[in-house]
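Grab a pencil and work through these exercises with the structure open beside you. Try each task before you read its solution.

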Amino acid sequence: MKNIQIKGDRLWDSLMEMAKIGATEKGGNCRLAASDLDKQGRDLFVRWCKEAGCTVTVDKIGNIFARRPGKNNDLPPVMTGSHLDTQPTGGRFDGVYGVLAGLEVVRTLNDAGIETESPVEVVVWTNEEGSRFSPAMMGSGVFAGVFPLEEIQAKQDIDGLKLGDELRRIGYEGTATMGKPVKAYFEAHIEQGPILEAEKKPVGIVTGAQGQRWYEVTVVGQEAHAGPTPMAVRRDALVGASRMIQEVNRIGLANQPYACATVGFLQVSPNSRNVIPGRVFFAVDFRHPDDAVLTKMDKELREACAKIAAEAGLEVEVSEFWYFPPTPFDEKCVAAVREGAKLYGYDNMEIVSGAGHDAVYMAKVAPTGMIFVPCEGGISHNEIENADPKDLEAGGNVLLHAMLERAQG
Ligand SMILES: [Zn+2]
């Protein structure tokens with residue numbers, strides 16, 4: 001199968017053609033979910049798929065499925081895809097690459113006249129970004145049964161427009177069955193981090209997605225006048241919180257490799273320059289691919305906060321706000337990706353996804369694997385997001401092999 005190759009130029013040209021829709025001044029893209037520009041992007045994708053001989057269906061949450069029939073169309077499809085929606089100042093590759101790499105696989109199978117045993121499908125998931133409508137990964141989440149359909153249809157943007165109404169308006173509220181069986185799901189995506197580039201590896205074999213634990217921490221001391229209150233008797237909630245934040249960072253560093261620990265949100269009360277802070281609220285985001293390590297980090301956080309509060313005469317409440325367990329991908333799918341990289345002779349490494357992807361929800365209902373390719377400087381969710389056409393081609397070839405392997409077996 002080594003001689004079957006995708007056409008890197010054709011993939012690149014399609015990416016650049018799609019990038020014209022919602023192009024921004026700084027070279028990025030703005031195609032917010034269920035907007036007029038999203039419709040234009042979807043229409044272009046659908047046109048290309050029909051030209052490639054696919055039949056196209058849309059489900060009630062606007063997910064698009066382009067199907068290339070196989071020998072046995074009673075078998076569930078081998079599926080690939082990602083999303084076409086972007087952040088308001090997004091890039092040309094995040095999501096779009098996975099969709100158009102899937103289309104390139106279909107075009108390549110057509111060129112080579114290959115009939116797969118199982119049908120092959122390319123999917124566009126609705127609102128992966130979670131920018132116009134929150135939360136993120138809605139289309140794949142509804143498909144995988146994580147969110148109820150009606151709840152997601154009713155989500156509103158800041159103008160009070162509902163996602164369900166907007167999908168109907170742009171012509172993408174369909175009738176296809178929600179949550180059909182899928183034989184295997186693959187997603188090619190830019191890494192959105194700096195590791196592959198630094199290691200000079202064009203292909204990342206994604207073994208799974210990190211688990212996440214999010215917390216809300218409230219520290220309570222006593223508000224007092226910044227002048228007459230001597231240092232020794234103060235119960236300064238911000239001084240305590242700052243020590244706790246240092247601990248969060250220490251816990252992240254102490255659980256390498258892989259651990260991430262972040263405080264990105266802080267509210268100080270009353271937030272007045274001559275008042276000793278009486279109350280501080282901050283958010284903690286812990287990530288790790290191993291649940292046992294996340295549990296250890298949880299214990300370390302709770303102990304550190306309790307100790308600091310006791311020493312400083314403060315009260316502290318640490319409450320878990322969200323928990324997303326680590327998601328190991330399917331062994332056979334990961335192996336198919338690894339084999340593909342080997343077959344084409346691409347330098348590669350195993351990698352864990354630090355971000356959420358549609359594949360993480362799909363892993364709940366189907367054997368799933370992912371392929372990462374490097375992006376320049378590890379930067380995404382930014383108009384300057386960039387990727388090397390050669391790396392995109394490499395990821396596409398690996399995707400082709402992995403899908404063929406699963407669609408023939
Ligand atoms: Zn994405």
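One thing before you start: this is a predicted model.

**Exercise 1. Two helices side by side**

Task: Work out how α2 and α3 are oriented relative to each other, and find the residues that make the contact.

Solution:
- Step 1. Find the two helices: α2 covers residues 36-51 and α3 covers residues 96-112.
- Step 2. Look at their axes, which come within 10 Å and cross at roughly 15°.
- Step 3. Angles under 35 degrees count as roughly parallel, and α2 and α3 are therefore roughly parallel to each other.
- Step 4. Add the handedness: the crossing of α2 and α3 is left-handed.
- Step 5. Now pick out the touching residues. From α2 come Phe-45, Trp-48 and Cys-49, while α3 brings Val-99, Leu-100, Leu-103 and Arg-107.
- Step 6. Sort the residues of this contact by class, and you get six nonpolar, no polar and one charged.

Here's a handy rule for reading such a list: an α-helix has 3.6 residues a turn, so residues three or four places apart point the same way.

**Exercise 2. Helix length and surroundings**

Task: Compare the reach of α2 and of α3 with the expected value for each, then check which residues of α2 are buried.

Solution:
- Step 1. Start with α2. Its 16 residues reach 23 Å from the first C-alpha to the last, close to the 22 Å expected at 1.5 Å a residue.
- Step 2. Do the same for α3, where 17 residues reach 24 Å, close to the expected 24 Å.
- Step 3. Back in α2, the buried residues are Asp-38, Gly-41, Arg-42, Leu-44, Phe-45, Val-46, Trp-48 and Cys-49.
- Step 4. Ask what those buried residues of α2 pack against: the partners are α1, β1, β2, α3, β4 and α6.
- Step 5. For α3, 14 of the 17 residues are buried, so this helix is largely enclosed by the rest of the structure.
- Step 6. Finally, look past the helix ends. α2 is followed by Gly-53, with a positive phi near 85°, and just after α3 comes Gly-113, with a positive phi of about 65°.

**Exercise 3. Another helix pair**

Task: Decide whether α1 and α12 are roughly parallel or roughly perpendicular.

Solution:
- Step 1. Locate α1 at residues 8-18 and α12 at residues 389-408.
- Step 2. Their axes are 9 Å apart, and the helices pack at an angle of about 110°.
- Step 3. The range from 65 to 115 degrees counts as roughly perpendicular, and α1 and α12 are therefore roughly perpendicular to each other.
- Step 4. As for handedness, α1 passes α12 in a right-handed crossing.
- Step 5. The residues that meet are Gly-8, Leu-11, Trp-12 and Leu-15 in α1 and Pro-389, Leu-392 and Glu-393 in α12.
- Step 6. This contact of α1 with α12 divides into five nonpolar, one polar and one charged.

**Exercise 4. Buried or exposed?**

Task: Classify Gln-153, Ile-158 and Arg-273 as buried or exposed, and say where each one sits.

Solution:
- Step 1. Recall the cut-offs: buried means under 20% relative accessible area, and exposed means over 50%.
- Step 2. Gln-153 lies in helix α5. With a relative accessible area of 18%, Gln-153 is buried. Its contacts, leaving out residues up to four places away in sequence, are Lys-60, Ile-61, Lys-162, Leu-163, Gly-164 and Glu-173.
- Step 3. Ile-158 is in the loop between α5 and α6. At 85% relative accessibility, Ile-158 counts as exposed.
- Step 4. Arg-273 is in the loop between β9 and β10. At 86% relative accessibility, Arg-273 counts as exposed too.

**Exercise 5. Backbone oddities**

Task: Find two cis peptide bonds and two residues that have a positive phi although they are not glycines.

Solution:
- Step 1. The bond from Gln-256 to Pro-257 is cis, with omega near 0°. Pro-257 belongs to the loop between α8 and β9.
- Step 2. Ser-269 and Pro-270 are also joined by a cis peptide bond, with omega about 5°. Pro-270 sits in the loop between β9 and β10.
- Step 3. Asn-127 has a positive phi of about 40°. You'll find Asn-127 in the loop between β4 and α4, and at 1% relative accessibility Asn-127 counts as buried.
- Step 4. Tyr-258 has a positive phi of about 90°. Tyr-258 lies in the loop between α8 and β9, and at 45% relative accessibility Tyr-258 counts as partly exposed.

Note on methods
Residues numbered from 1 in each chain as written. Predicted model: local features only at pLDDT ≥ 70, side-chain atom pairs only at ≥ 80, totals over all residues. Heavy atoms only, no water. Axes fitted to C-alpha atoms, helices over the stretch in contact; angles between N-to-C directions. Helix = DSSP H or I, 4+ residues; strand = E, 2+ residues; numbered from the N terminus. Parallel < 35°, antiparallel > 145°, perpendicular 65-115°, else oblique. Left-handed = near helix turned anticlockwise from the far one by under 90°. Contact = heavy atoms within 4.5 Å. Nonpolar A, V, L, I, M, F, W, Y, C, P; charged D, E, K, R; others polar. Expected span 1.5 Å × (residues − 1). Buried < 20%, exposed > 50% of the residue type's maximum accessible area, 1.4 Å probe, protein only.
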